[in-house]
Amino acid sequence: MAARRQYEELARQLSAIGAVKRGLGRVLPHECPAGSAAVLTLLDRHGEMRMSRLAELLAIDMSVTSRHVAHVAERGWIDRSPDPADKRSRILRLTPAGRDMLAELSERYMSALAHYLADWSDDEVDQLNTLLGRLRDSFGDCRPLPAVPAPKPKSVPTPTPTERTTRTPV
């Protein structure tokens, strides 16, 4: 098992990944922010699905998912059709325009990664892919850890009857 200092350094490095994600986010087209790109990517990877499943995969609230879905639907990148099993629900699926947008997103991401990692060897990129995949697998479905009991508060001594007073301190 790694030493505490190694986990502390890993926590710092993972926090810094936010800068990498923001850098990659800047290559996205203005009309397709990161949330929209995530919707398209998940529909491509997992196929058609209900919005509740999409919210689960995105690990975000249904109201936020609904806004992302509305955004991509307005642009014609997905289709929302009635679910034959439950007419109140909608089935989401990519449209040809959505697949075209995904191809553009992929090209932009690959170009940005190639630019930023130009001085990395093929083996280093493979190693990073392997380790990031293993990290993701270690987290599984990212469900919260079991609750850790809160530390017990330090006990405050109860004043003895002679120490109790009703007088206001001076």
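Reader: Where is Asp 119 found?

Author: Asp 119 is found in the loop between helix 5 (96-116) and helix 6 (122-139). Helices here are DSSP runs of H or I with at least four residues, strands are E runs of at least two, and both are numbered from the N terminus. This is a predicted model, where local features need pLDDT of at least 70, side-chain atom pairs count only at pLDDT 80 or more, and totals for chains, interfaces and linings use all residues. Residues are numbered from 1 along each chain as its sequence is written, and side-chain values use heavy atoms, with hydrogens and water left out.

Reader: Is Asp 119 buried or exposed?

Author: Buried means under 20% relative accessible area, exposed over 50%, partly exposed in between (1.4 Å probe, protein chains only). Asp 119 is exposed, at 67%.

Reader: Which residues gather with Asp 119 in a patch of negative charge?

Author: A patch takes residues with over 30% relative accessible area and no salt bridge, joining like charges within 9 Å and nonpolar side chains (Val, Leu, Ile, Met, Phe, Trp, Tyr) within 5 Å. Here Asp 122, Asp 123, Glu 124 and Asp 126 join Asp 119 on the surface.

Reader: How many salt bridges does a search of the whole structure find?

Author: Side chains of opposite charge can pair when their charged atoms come close. The cut-off is a side-chain nitrogen of Lys or Arg within 4 Å of a carboxyl oxygen of Asp or Glu. The search finds ten. One of them joins Arg 4 and Glu 8 at 3.1 Å, N to O. Both lie in helix 1 (residues 4-25), four residues apart, about one turn. Arg 4 is exposed at 65%; Glu 8 is partly exposed at 34%.

Reader: What separates Arg 108 and Glu 104 in helix 5?

Author: About one helical turn, because the two are four residues apart. Their side chains form a salt bridge of 2.9 Å, N to O. Arg 108 is partly exposed at 33%, and Glu 104 is partly exposed at 32%.

Reader: Which parts does the Arg 50 and Asp 83 pair tie together?

Author: Their side chains meet at 2.6 Å, N to O. Arg 50 lies in strand 1 and Asp 83 in strand 2, so the salt bridge ties parts 33 residues apart in sequence. Arg 50 is partly exposed at 31%, whereas Asp 83 is buried at 7%.

Reader: In what order do the three strands form the sheet?

Author: Two strands pair if DSSP finds at least two bridges between them. The open sheet runs 1-3-2, with antiparallel pairing. Strand 1 (49-50) and strand 2 (78-83) each have a single partner strand, so one side of each lacks a neighbour in the sheet. Six bridges join strand 2 to strand 3 (residues 86-94).

Reader: Which residue is the bridge partner of Asp 79?

Author: Arg 93, in strand 3. Asp 79 and Arg 93 are also linked with Glu 48 in a network of salt bridges.

Key: Accessible areas come from the Shrake-Rupley method with a 1.4 Å probe; for residues, only the protein chains shown count as cover. Lys and Arg count as positive and Asp and Glu as negative; His and the chain ends are not counted. The place of a charge is taken as NZ of Lys, CZ of Arg, CG of Asp or CD of Glu.
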